[in-house]
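The report below looks at the fold of one chain, its contact with a partner chain, and the charged pairs within it. Please keep the sequence and the structure in view while reading.

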Amino acid sequence: MFDYRSFALRRVARIAPHYLPFADVASPEVPLSRLLRLSLFQVTVGMALVLLVGTLNRVMIVELRVPASLVAVMLSLPLVFAPFRALIGHRSDTHRSALGIRRLPYIFRGTMLQFGGFAVMPFALLVLSGFAEAADAPKWLGHGSAALAFLLVGAGLHMVQTVGLALATDLVPEADQPKVVGLMYVMMLTGMIASALVFGWLLQVYTPQRLIQVIQGAAVVTVVLNGIAMWKQEARDRQRGSSTAPRPPFRAAWAAFAARPGAVGLLAVVGLGTAGFGMADVLLEPYGGQILGMTVGETTRLTAVLAGGSLAGFTLASIVLNRGADPLRMAGLGALAGVPAFLAIAAAAAGGSVALFVAATLLAGFGAGLFGHGTLTATMRTAPREQAGLALGAWGAVGATAAGIALAAGGVIRDIALRLEGGDAALPYTTVFGIEALLLVLALAAILPVRRKLFDPARRRAISAGQALPPGPRPVAGAGAPAAGA
Amino acid sequence: MPDNDPDKVWPTGLTLREAEEVHSYLIDGTRVFGAIALLAHILVAVTTPWLG
């Protein structure tokens, strides 16, 4: 009798690898096209950021007439999840799966959360603004559902970015990490720029229906692009999958991570520097408009100047790090460039010089690019390979939290100074810029001892020979602005 | 990969644990999407009520 069972099994075994979403054969050489495809998840992250911070920020205040303070609270909700990046990274490092995968489940869940948040968001916003019959709806329904939508998007965003970057770093050998960091960051900026243009074009004429279409369209694009990005990227590791050893608890993993010399110091550097660079992000435009008398078109281009400077800094850092430069020296140079940049921005008020202001903004962006790339590469290079997700998560958690707090603090400091000093209109802004320069000086001061601990050649040799770090290619890299959660 | 591995589940060739894991993702997804759809419908009904 014909054995249908074994016949079918053989057939399936032959065709299955084609249709399975895992890379069963992991090649040591990962072509650029595959990395580009993987980086699509950064495009969706950039898109979500633009939608939250840029588009919805304006639409909620101007078109939906939601109070500005409520908008600020809603938009800062995703920040709540930033510290959990380290936990998510750790869980993906130690995930037990019969299929032998560890990054994909988290990216899948993160994508679902992001999709779910966007799917509910337009209706939640319409209820929040009391559109049509919703005017009679209880207040808690609008507030609660909008908060839930923003929380879902924020949680999904942090999850996808942290674990996606960890996956990217799994794929490449240590020598290629700077390249991957740069590539992922550039793709996020690309996604932000492209989606800003598309959202702006789609929402030229605002209608509630158009708002629903745009946000839900973003939800679908997120799922599709993330699906394409993840397809066949992760190699299956049956040995890891069938391991029955208990998962190390987060506390123990974190203790091991933080016990390495310089690890906590490095995170402090990341926090100080990111706060220093990020504090004025939302103040540059009003400063240019109110104090220097720039037009709306000019101040909007200012954001592009800052982003362009960052992009240039990242590109340069990628090239130089690829040649084996010390990443912390790179970060230090970035912070060093930021100090005169912010002092010059503050000084521009006295002279009323727009040219000086724009040039200094470019320099600040450039410094931020060098600093971001340098600290991320340093974090990844010094972390043990099996803790890649935890290291990336810690970097992202500290960066995103610091950037968010700094952003809020910048606004509060400006407002307080505004109330205290009625006379000088520029002083509130220059105060914030001065604080930024000070934070960067502190970051510089913190870099020196960390660098001695981490990258002193003799000590480094002792570390890699002695403890913790296994031989062979170590970590990794990926990228995303630390400001991602802001 | 022997064809007569007793652990393999017909017809996919996955082991039982692998099949259960794939199934769990399906269940998770269905639950999340179901809850999202329910919430979205409630919100739409509040904004523009249908059926009266």
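A residue is called buried under 20% relative accessible area, exposed over 50%, and partly exposed in between. Arg451(A), with a relative accessible area of 30%, is therefore partly exposed. This is a predicted model, and every value here is computed from it.

**Chain A as a whole**

Chain A contains 19 helices and zero strands, and buried residues account for 54% of its 486 residues. Among the contacts in chain A with a separation of 6 or more, 86% are between residues 24 or more positions apart. The chain exposes about 20200 Å², of which carbon and sulfur atoms supply 68%.

**The contact between the chains**

Chain A contributes 36 residues and chain B 24 residues to the contact. Together the two chains bury about 2600 Å², with 73% of that area on carbon and sulfur atoms. Between chain A and chain B there are zero salt bridges, and the count of residue pairs in polar contact, both at pLDDT 80 or more, is one. On the side of chain A that touches chain B, the elements giving two or more residues are helices H1 (4-19), H6 (104-128), H7 (139-171) and H10 (238-242) of chain A. H6(A) gives the most, with 12 residues, and by class this side of chain A has 23 nonpolar, seven polar and six charged residues.

**Salt bridges**

Over all chains the count comes to four salt bridges, including the three in this table.

| Acidic residue | Basic residue | Closest N to O |
|---|---|---|
| Asp93(A) | Arg103(A) | 2.9 Å |
| Asp170(A) | Arg102(A) | 3.7 Å |
| Asp326(A) | Arg451(A) | 2.6 Å |

The partners Asp326(A), in the loop between helices H14 (296-322) and H15 (327-351) of chain A, and Arg451(A), in helix H18 (427-455) of chain A, are 125 residues apart. Asp326(A) counts as buried because its relative accessible area is 19%. Salt bridges that share partners join Asp93(A), Arg102(A), Arg103(A) and Asp170(A) into one network. Within this network, Asp93(A) and Arg103(A) are both buried. Asp170(A) lies in helix H7 of chain A and Arg102(A) in the loop between H5 and H6 of chain A, so their pair ties together parts that are 68 residues apart in sequence. Asp170(A) is partly exposed, at a relative accessible area of 22%, whereas Arg102(A) is buried at 11%.

**A buried arginine in a loop**

Arg260(A) sits in the loop between helices H11 (250-259) and H12 (263-278) of chain A, and is buried because its relative accessible area is 11%. Neighbours within four places in sequence aside, Arg260(A) is in contact with Thr382(A), Ala383(A) and Pro384(A).

Definitions and conventions
Residues numbered from 1 in each chain as written. Chains lettered and ligands numbered in written order. Predicted model: local features only at pLDDT ≥ 70, side-chain atom pairs only at ≥ 80, totals over all residues. Heavy atoms only, no water. Contact = heavy atoms within 4.5 Å. Buried area = accessible area lost by both parts, 1.4 Å probe. Salt bridge = Lys/Arg side-chain N within 4 Å of Asp/Glu carboxyl O. Polar contact = N/O pair within 3.5 Å; in protein donor to acceptor, adjacent residues only side chain to side chain. Helix = DSSP H or I, 4+ residues; strand = E, 2+ residues; numbered from the N terminus. Nonpolar A, V, L, I, M, F, W, Y, C, P; charged D, E, K, R; others polar. Buried < 20%, exposed > 50% of the residue type's maximum accessible area, 1.4 Å probe, protein only. Areas by Shrake-Rupley, 256 points an atom, 1.4 Å probe, with all protein chains shown as cover.
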